[in-house]
Amino acid sequence: MITGALLYTHCTMNLPRFLACAAVWALSTAGTAFFTWHFSKGAQVNTELYYEYFAPLVVTGALALFCALRYLGRVIAERCTRARNVIVFLGGLSFGVYLIHLMIIWEFENHGYGWNFINPWMAIP
(Lines give C-alpha, C1' and ligand atoms only; values in the text may rest on other atoms or scores of the structure.)
Protein backbone atom coordinates (compact mmCIF):
# COMPACT_ATOMS: atom_id res chain seq x y z
CA MET A 1 0.00 0.00 0.00
CA ILE A 2 2.87 2.35 0.77
CA THR A 3 4.45 1.73 -2.61
CA GLY A 4 1.11 2.37 -4.33
CA ALA A 5 0.71 5.63 -2.43
CA LEU A 6 4.23 6.71 -3.38
CA LEU A 7 3.69 5.83 -7.04
CA TYR A 8 0.33 7.61 -7.05
CA THR A 9 1.84 10.75 -5.52
CA HIS A 10 5.23 10.96 -7.21
CA CYS A 11 4.98 9.17 -10.56
CA THR A 12 3.34 11.12 -13.36
CA MET A 13 2.06 8.93 -16.14
CA ASN A 14 1.93 9.63 -19.86
CA LEU A 15 1.40 7.47 -22.95
CA PRO A 16 5.00 6.23 -23.33
CA ARG A 17 5.14 5.30 -19.63
CA PHE A 18 1.75 3.60 -19.92
CA LEU A 19 3.01 1.50 -22.83
CA ALA A 20 6.18 0.61 -20.93
CA CYS A 21 4.18 -0.37 -17.84
CA ALA A 22 1.78 -2.46 -19.93
CA ALA A 23 4.73 -4.27 -21.53
CA VAL A 24 6.38 -4.90 -18.13
CA TRP A 25 3.10 -6.25 -16.78
CA ALA A 26 2.62 -8.57 -19.78
CA LEU A 27 6.19 -9.87 -19.53
CA SER A 28 5.90 -10.36 -15.76
CA THR A 29 2.63 -12.25 -16.16
CA ALA A 30 4.04 -14.43 -18.92
CA GLY A 31 7.18 -15.09 -16.87
CA THR A 32 5.14 -16.04 -13.80
CA ALA A 33 3.00 -18.41 -15.85
CA PHE A 34 6.02 -19.93 -17.60
CA PHE A 35 8.07 -20.54 -14.47
CA THR A 36 5.06 -21.94 -12.62
CA TRP A 37 4.28 -24.28 -15.50
CA HIS A 38 7.91 -25.30 -15.99
CA PHE A 39 8.57 -26.20 -12.37
CA SER A 40 5.12 -27.71 -11.79
CA LYS A 41 5.55 -29.97 -14.81
CA GLY A 42 8.93 -31.18 -13.61
CA ALA A 43 7.75 -31.74 -10.02
CA GLN A 44 4.43 -33.34 -11.08
CA VAL A 45 2.67 -31.13 -8.51
CA ASN A 46 1.50 -27.54 -8.54
CA THR A 47 4.37 -25.26 -7.54
CA GLU A 48 2.95 -21.91 -6.49
CA LEU A 49 6.28 -20.41 -5.48
CA TYR A 50 6.18 -17.95 -8.37
CA TYR A 51 2.71 -16.73 -7.34
CA GLU A 52 3.77 -15.68 -3.85
CA TYR A 53 3.51 -12.01 -2.99
CA PHE A 54 7.27 -11.74 -2.54
CA ALA A 55 8.12 -13.25 -5.94
CA PRO A 56 10.01 -10.66 -8.02
CA LEU A 57 7.84 -11.05 -11.11
CA VAL A 58 4.64 -10.68 -9.06
CA VAL A 59 5.90 -7.50 -7.40
CA THR A 60 7.14 -6.04 -10.69
CA GLY A 61 3.94 -6.96 -12.51
CA ALA A 62 1.69 -5.58 -9.77
CA LEU A 63 3.50 -2.24 -9.69
CA ALA A 64 3.48 -1.95 -13.48
CA LEU A 65 -0.23 -2.84 -13.65
CA PHE A 66 -1.04 -0.32 -10.92
CA CYS A 67 0.63 2.47 -12.89
CA ALA A 68 -0.89 1.39 -16.22
CA LEU A 69 -4.43 1.12 -14.81
CA ARG A 70 -4.09 4.46 -13.08
CA TYR A 71 -3.23 6.11 -16.39
CA LEU A 72 -5.91 4.23 -18.31
CA GLY A 73 -8.55 5.05 -15.70
CA ARG A 74 -7.64 8.73 -15.79
CA VAL A 75 -7.82 8.89 -19.58
CA ILE A 76 -11.20 7.13 -19.66
CA ALA A 77 -12.61 9.23 -16.80
CA GLU A 78 -11.56 12.47 -18.51
CA ARG A 79 -13.40 11.51 -21.69
CA CYS A 80 -16.64 10.16 -20.24
CA THR A 81 -18.51 11.23 -17.09
CA ARG A 82 -20.50 8.01 -16.97
CA ALA A 83 -17.31 5.94 -17.13
CA ARG A 84 -15.85 8.05 -14.32
CA ASN A 85 -18.84 7.20 -12.13
CA VAL A 86 -18.46 3.49 -12.90
CA ILE A 87 -14.73 3.61 -12.11
CA VAL A 88 -15.38 5.31 -8.77
CA PHE A 89 -18.07 2.75 -7.92
CA LEU A 90 -15.87 -0.24 -8.85
CA GLY A 91 -12.93 1.27 -6.99
CA GLY A 92 -14.99 1.17 -3.82
CA LEU A 93 -15.53 -2.57 -4.31
CA SER A 94 -11.93 -3.55 -4.98
CA PHE A 95 -10.95 -4.30 -1.38
CA GLY A 96 -13.99 -6.56 -0.93
CA VAL A 97 -13.12 -8.44 -4.13
CA TYR A 98 -9.59 -8.88 -2.83
CA LEU A 99 -10.94 -10.34 0.40
CA ILE A 100 -13.28 -12.87 -1.23
CA HIS A 101 -11.15 -14.04 -4.16
CA LEU A 102 -9.67 -16.88 -2.10
CA MET A 103 -13.17 -18.17 -1.30
CA ILE A 104 -13.92 -18.26 -5.03
CA ILE A 105 -10.69 -20.15 -5.73
CA TRP A 106 -11.49 -22.67 -2.98
CA GLU A 107 -15.01 -23.15 -4.34
CA PHE A 108 -13.66 -23.87 -7.83
CA GLU A 109 -11.14 -26.33 -6.42
CA ASN A 110 -13.87 -28.09 -4.37
CA HIS A 111 -15.76 -28.71 -7.61
CA GLY A 112 -12.75 -30.16 -9.41
CA TYR A 113 -11.55 -27.03 -11.16
CA GLY A 114 -8.05 -26.83 -9.69
CA TRP A 115 -4.92 -25.71 -11.43
CA ASN A 116 -4.58 -29.03 -13.26
CA PHE A 117 -8.09 -29.38 -14.74
CA ILE A 118 -6.90 -27.99 -18.05
CA ASN A 119 -3.67 -27.00 -19.76
CA PRO A 120 -1.69 -24.88 -17.25
CA TRP A 121 -1.39 -22.02 -19.77
CA MET A 122 -5.16 -21.64 -19.44
CA ALA A 123 -5.62 -22.71 -15.81
CA ILE A 124 -2.90 -20.54 -14.25
CA PRO A 125 -4.43 -17.17 -15.18
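This tour moves through a predicted model, from the whole chain to its core, its cysteines, its aromatic side chains and one of its helices.

**The whole chain.** Begin with the protein chain in a cartoon representation, where the secondary structure comes to 5 helices and 0 strands, arranged along the sequence in the pattern α-α-α-α-α. If you align the view to the principal axes, the C-alpha atoms fill a box of roughly 50 × 30 × 25 Å. Colouring by relative accessible area would show that, of the 125 residues, 20% count as buried.

**The largest nonpolar core.** Next, select C11, M13, F18, C21, A64, C67, A68, Y71 and V75, the 9 residues that make up the largest nonpolar core. The elements that give two or more residues to this core are α2 (15-43) and α3 (56-79), and α3 gives the most, with 5 residues. In soluble globular proteins, nonpolar side chains tend to be buried together.

**The cysteines.** Keep C21 and C67 selected, since both belong to this core, and display their sulfur atoms. Which cysteine sulfur is closest to that of C67? It is the sulfur of C21, at 4.7 Å, which is too far for a bond, given that a disulfide requires the two sulfur atoms to be within 2.5 Å. The structure as a whole holds 0 disulfides. Is C67 buried or exposed? With a relative accessible area of 7%, C67 is buried, whereas C80, which you can add to the selection now, counts as partly exposed at 34% relative accessibility.

**The aromatic side chains.** Select F34, F35, W37, F39 and Y50 and show their side chains, as these residues form one aromatic cluster; the count for the structure comes to 5 aromatic pairs. Then move to Y8 and R70, where the arginine lies over the face of the tyrosine ring, at 4.5 Å from the ring centre.

**Helix α4.** Finally, select residues 81-110, the 30 residues of helix α4, and place a distance label between its end C-alpha atoms. How does their separation of 42 Å compare with what 1.5 Å a residue would give? The expected span is 44 Å, so the separation of 42 Å agrees with it. Within this selection, centre on I100, where α4 bends by about 40°, and then step past the end of the helix to G112, which follows α4 and has a positive phi, near 90°.

How values were computed
Residues are numbered from 1 along each chain as its sequence is written. This is a predicted model: local features need pLDDT of at least 70, side-chain atom pairs count only at pLDDT 80 or more; totals for chains, interfaces and linings use all residues. Side-chain values use heavy atoms; hydrogens and water are left out. Rings of Phe, Tyr and Trp (its six-membered ring) pair if their centres lie within 6.5 Å; planes under 30 degrees apart count as stacked, over 60 as edge-to-face and the rest as tilted. A charge sits over a ring if NZ of Lys or CZ of Arg is within 6 Å of the ring centre and within 35 degrees of the ring normal. Helices (H or I, at least four residues) and strands (E, at least two) are DSSP runs, numbered from the N terminus. The expected span of a helix is 1.5 Å times one less than its number of residues. The bend at a residue is the angle between axes fitted to the seven residues ending there and the seven starting there. Buried means under 20% relative accessible area, exposed over 50%, partly exposed in between (1.4 Å probe, protein chains only). A nonpolar core is a set of buried Ala, Val, Leu, Ile, Met, Phe, Trp, Tyr and Cys residues joined through side-chain atoms within 4.5 Å.
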